[in-house]
Amino acid sequence: MDLRTRYASVAILESLNEGKIAIQTLFVQQDSCDFSGAWIFNYSDIEEINELLDRYLVITIGTVKIPKQIAESISPCEVNIQDFIDEANFKVKFAEEAYSRFLEEIEIEYLKYMAIDVASRKLLPKVVKKKPTRPRFFAWPASIDLNESEHSLKTFGRKSVIDGSDLRFNKVLPATRLVKFLIEMWRNDENERSARPYIYKDGQQYSFLPGCWLASRKLEV
């Protein structure tokens with residue numbers, strides 16, 4: 001992953017029964033994630049699809065098989081939501097373990113200080129037992145099915161349907177809204193981790209997307 005990367009574009013793609021491709025996109029930056037477009041293409045519009053998705057991270061959903069030529073063209077830049085979820089859960093566990101170690105270090109430091117006799121202790125800088133605030137992270141599920149995005153969005157208390165939307169986007173739109181929500185939750189978690197020096201050490205940096213996605217292909221910086 002190139003840590004200089006400051007933005008990425010994500011496309012959610014579904015092959016429809018009527019020989020068309022539905023695509024909706026997100027533009028993700030360090031501090032924002034916004035809808036950036038929606039298209040319906042024919043299977044024959046391979047050149048246009050390739051041009052649109054150049055340098056995009058692509059997520060495919062649905063049950064209708066994508067035409068071979070399109071599938072081959074998007075394969076190098078395809079990512080999946082399970083990798084995202086797995087990394088999010090791993091990073092939460094990593095941060096919580098770091099917090100526990102930090103509490104142990106505080107306790108050890110304080111006990112060492114209190115073990116010094118009172119007369120000698122008065123000659124030393126006073127040690128006050130720290131009480132760090134526990135970091136709060138999103139309760140990540142073990143898995144997400146983007147084909148059931150409406151259900152997941154309702155579970156998270158988010159609106160899944162926009163009145164008047166093109167019916168051809170009835171799966172792509174909720175999936176895109178769900179991906180947007182998860183990216184925002186990832187960023188909130190990263191803010192929590194980055195604000196605590198005992199979690200991110202050794203030059204680790206805030207990452208606006210999981211490393212597994214940013215490493216999937218060379219992104220523009």
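A residue counts as buried when its relative accessible area is under 20%, as exposed when that area is over 50%, and as partly exposed in between. The exercises below apply this to a predicted model.

**Exercise 1. Determine whether strand β2 is enclosed by the rest of the structure or open to its surroundings.**

Solution.
Step 1. Strand β2 spans residues 20–29, ten residues in total.
Step 2. Under the cut-off of 20% relative accessible area, seven of these ten residues are buried.
Step 3. Strand β2 is therefore largely enclosed by the rest of the structure.
Step 4. For reference, 42% of the 221 residues of the chain count as buried.

**Exercise 2. Trace the pairing of the four strands, starting from β2.**

Solution.
Step 1. On one side, β2 pairs with strand β1 (residues 7–15) in the antiparallel sense, over nine bridges. Within this pair, E14 stands opposite A22 of β2.
Step 2. The hairpin of β1 and β2 has four residues between the strands, and G19 takes a positive phi near 75 degrees there.
Step 3. Strand β3 (residues 32–42) also runs antiparallel to β2, and ten bridges join the two. L26 faces F35 of β3.
Step 4. The hairpin formed by β2 and β3 has two residues between its strands.
Step 5. Strand β4 pairs with β1 in the parallel sense, over six bridges. A11 has V58 in β4 as its bridge partner.
Step 6. Burial can be added for β4: five of its six residues are buried, and the strand is mostly covered.

**Exercise 3. Locate R55 and classify its backbone and its exposure.**

Solution.
Step 1. R55 belongs to the loop between α1 (46–53) and β4 (56–61).
Step 2. The phi of R55 is positive, about 70 degrees, although R55 is not a glycine.
Step 3. The relative accessible area of R55 is 27%. Because partly exposed covers values between the 20% and 50% cut-offs, R55 is partly exposed.

**Exercise 4. Describe the setting of E192 and its separation from A22.**

Solution.
Step 1. E192 is found in helix α6, which covers residues 172–194.
Step 2. With a relative accessible area of 22%, E192 is partly exposed.
Step 3. Leaving aside residues up to four places away in sequence, E192 touches P135, R136 and F137.
Step 4. A22 and E192 are 170 residues apart in sequence, and their C-alpha atoms are 36 Å apart in space.

**Exercise 5. Assess the overall form of the chain from its elements, its dimensions and its contacts.**

Solution.
Step 1. The chain holds seven helices and four strands. Read from the N terminus, the order of the elements is β-β-β-α-β-α-α-α-α-α-α.
Step 2. The radius of gyration is 23 Å, whereas a compact globule of 221 residues would have a value near 17 Å.
Step 3. Along the principal axes, the C-alpha atoms fill a box of roughly 85 × 35 × 25 Å.
Step 4. Among contacts with a separation of 6 or more, 65% are between residues 24 or more positions apart.
Step 5. The chain exposes about 12500 Å², of which carbon and sulfur atoms supply 50%.
Step 6. There are 31 positive and 33 negative side chains, and the centres of these two sets lie 9 Å apart.

Conventions:
Residues are numbered from 1 along each chain as its sequence is written. This is a predicted model: local features need pLDDT of at least 70, side-chain atom pairs count only at pLDDT 80 or more; totals for chains, interfaces and linings use all residues. Side-chain values use heavy atoms; hydrogens and water are left out. The radius of gyration is taken over C-alpha atoms; the globule rule is 2.2 Å times the number of residues to the power 0.38. Buried means under 20% relative accessible area, exposed over 50%, partly exposed in between (1.4 Å probe, protein chains only). Contact means heavy atoms within 4.5 Å. Accessible areas come from the Shrake-Rupley method with a 1.4 Å probe; for residues, only the protein chains shown count as cover. Lys and Arg count as positive and Asp and Glu as negative; His and the chain ends are not counted. The place of a charge is taken as NZ of Lys, CZ of Arg, CG of Asp or CD of Glu. Two strands pair if DSSP finds at least two bridges between them.
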